[in-house]
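Welcome! Take a moment to look over the sequence and the 3D view, and then let us walk through them together, one topic at a time.

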Amino acid sequence: MASSSLPCAVSECKRPSRALCNCCQQYLCRDHLKQHDDLIDAQLPHLADQINALSDQFNNSTLLESSGLTELNRWREDAHKTVGQFYERKCQQFRQVVQERQNKQRKELDRMRSNMNELIREQEATQVQINSMTESIRSFEQDINNLQQVHFKINPLVIDDNLISIPQETTSRDLLHEPPQHQTMQSTSNIVSNNDRHLPANQKRNPSFPGKENRGFQISRFLVTIMDHI
Ligand SMILES: [Zn+2]
Ligand SMILES: [Zn+2]
């Protein structure tokens with residue numbers, strides 16, 4: 001409590017103190033208490049400006065959102081490209097396999113036709129040769145059918161959810177900082193008054209604000225793992 005026996009805390013002031021300031025625990029005379037109070041109030045417009053700036057930044061957060069989605073869309077395009085390239089590679093491999101099989105079949109067909117021509121020319125075919133040719137024809141027919149009904153061994157593409165992680169929390173502290181309720185005991189002006197026109201001094205101390213947080217998605221390279229086997 002104020003004590004008339006204590007001098008004002010301002011060094012050059014000879015007046016007796018009138019009140020104890022709760023915010024700094026200093027005994028001050030009436031004039032210096034008023035000055036002290038005004039200095040505190042004078043910081044409010046600057047803080048109000050900062051809140052307005054934050055408000056603008058907050059209202060522009062749709063821009064941040066779209067920049068995040070741009071990353072996500074780029075990932076999707078890359079992923080589609082990766083799938084397309086994988087598909088093309090498998091098509092190529094399939095065409096190659098079919099080509100090799102058909103080359104073999106063509107040779108087999110030539111061989112069968114040549115044998116048949118020989119049998120016709122010599123007119124001395126035995127039943128064993130007829131049976132063998134019949135078996136060759138059946139086998140060849142089977143081979144063609146098999147090739148026409150090729151079934152791929154295909155596993156569905158499984159996408160790991162961890163390929164893209166979206167940060168949930170970007171600040172390390174609570175957003176809501178309730179200020180301590182400090183009041184001067186002898187209140188000559190309301191501390192939270194907004195119409196401050198007095199004492200623009202002592203405003204140099206800018207409260208530091210947390211730097212720009214890293215809001216980026218964490219995106220891993222898209223991997224396709226399908227058995228390389230037809
Ligand atoms: Zn104080
Ligand atoms: Zn004083």
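Start with the zinc ion (ligand 1), whose protein donors are C21 (SG), C23 (SG), C24 (SG) and H36 (NE2), at 1.9 to 2.3 Å from the ion. Keep in mind as you explore that this is a predicted model. A second zinc ion (ligand 2) has C8 (SG), C13 (SG), C29 (SG) and H32 (ND1) as its protein donors. The notes below begin with these two sites and then move on to the rest of the chain.

**The site of zinc ion (ligand 1)**

- Along the sequence, the donor residues of this ion follow the spacing C-x1-C-C-x11-H.
- What makes the arrangement around the zinc ion (ligand 1) irregular? The angles subtended by its four donor atoms run from 84 to 121°, and a tetrahedral site needs all angles to lie between 85 and 135 degrees.
- C21 has a relative accessible area of 1%, so this donor is buried.
- C23 is partly exposed, because its relative accessible area is 35%.
- C24 is partly exposed too, with a relative accessible area of 29%.

**The site of zinc ion (ligand 2)**

- The four protein donors of this ion lie 2.0 to 2.3 Å from it.
- Which geometry does the site of the zinc ion (ligand 2) have? It is tetrahedral, with angles of 104 to 116° among the four donor atoms.
- The spacing of these donors along the chain is C-x4-C-x15-C-x2-H.
- C29 is buried, as its relative accessible area is 1%.
- H32 counts as buried as well, at 13% relative accessibility.

**Disulfides**

- How many disulfides does the structure hold? The count is zero.
- As a reminder, a disulfide is a covalent bond between the sulfur atoms of two cysteines.

**The overall layout of the chain**

- The chain contains four helices and four strands.
- Reading from the N terminus, you meet these elements in the order β-β-α-α-α-α-β-β.
- The chain has 230 residues, and 17% of them count as buried.
- Now take the contacts between residues at least 6 apart in sequence: 67% of them join residues at least 24 apart.

**An aromatic pair**

- How many aromatic pairs does a search of the whole structure find? It finds one.
- The partners are F94 and F152, whose rings are 4.9 Å apart centre to centre, with 55° between the planes, so the pair is tilted.
- F94 belongs to helix α3, while F152 sits in the loop between α4 (127-148) and β3 (164-165), so the pair ties together parts that are 58 residues apart in sequence.
- F94 is partly exposed, with 25% relative accessible area.
- F152 also counts as partly exposed, at 41% relative accessibility.

**Two buried residues with polar partners**

- K90 is located in helix α3, which covers residues 61-122.
- Is K90 buried or exposed? Its relative accessibility is 14%, so K90 counts as buried.
- The side chain of K90 makes a polar contact of 3.0 Å with the side chain of Q93.
- S17 is in the segment before β1 (19-21).
- With a relative accessibility of 3%, S17 counts as buried.
- A polar atom of the S17 side chain lies 2.9 Å from the backbone oxygen of L6.

**Two glutamines with positive phi**

- Q25 has a phi near 55°, a positive value in a residue other than glycine.
- Where is Q25 found? Look in the loop between β1 and β2 (26-28).
- Q25 counts as exposed, because its relative accessibility is 52%.
- Q123 has a positive phi of about 55°, although Q123 is not a glycine.
- You will find Q123 in the loop between α3 and α4.
- Q123 is exposed, with a relative accessible area of 64%.

Methods: Residues numbered from 1 in each chain as written. Chains lettered and ligands numbered in written order. Predicted model: local features only at pLDDT ≥ 70, side-chain atom pairs only at ≥ 80, totals over all residues. Heavy atoms only, no water. Buried < 20%, exposed > 50% of the residue type's maximum accessible area, 1.4 Å probe, protein only. Polar contact = N/O pair within 3.5 Å; in protein donor to acceptor, adjacent residues only side chain to side chain. Donors = N, O, S within 2.8 Å, 3.2 Å for Na, K, Ca; no water. Tetrahedral: all angles 85-135°; square planar, octahedral: opposite > 155°, others 65-115°. Phe/Tyr/Trp six-rings, centres within 6.5 Å; stacked < 30°, edge-to-face > 60°. Disulfide = S-S within 2.5 Å. Contact = heavy atoms within 4.5 Å.
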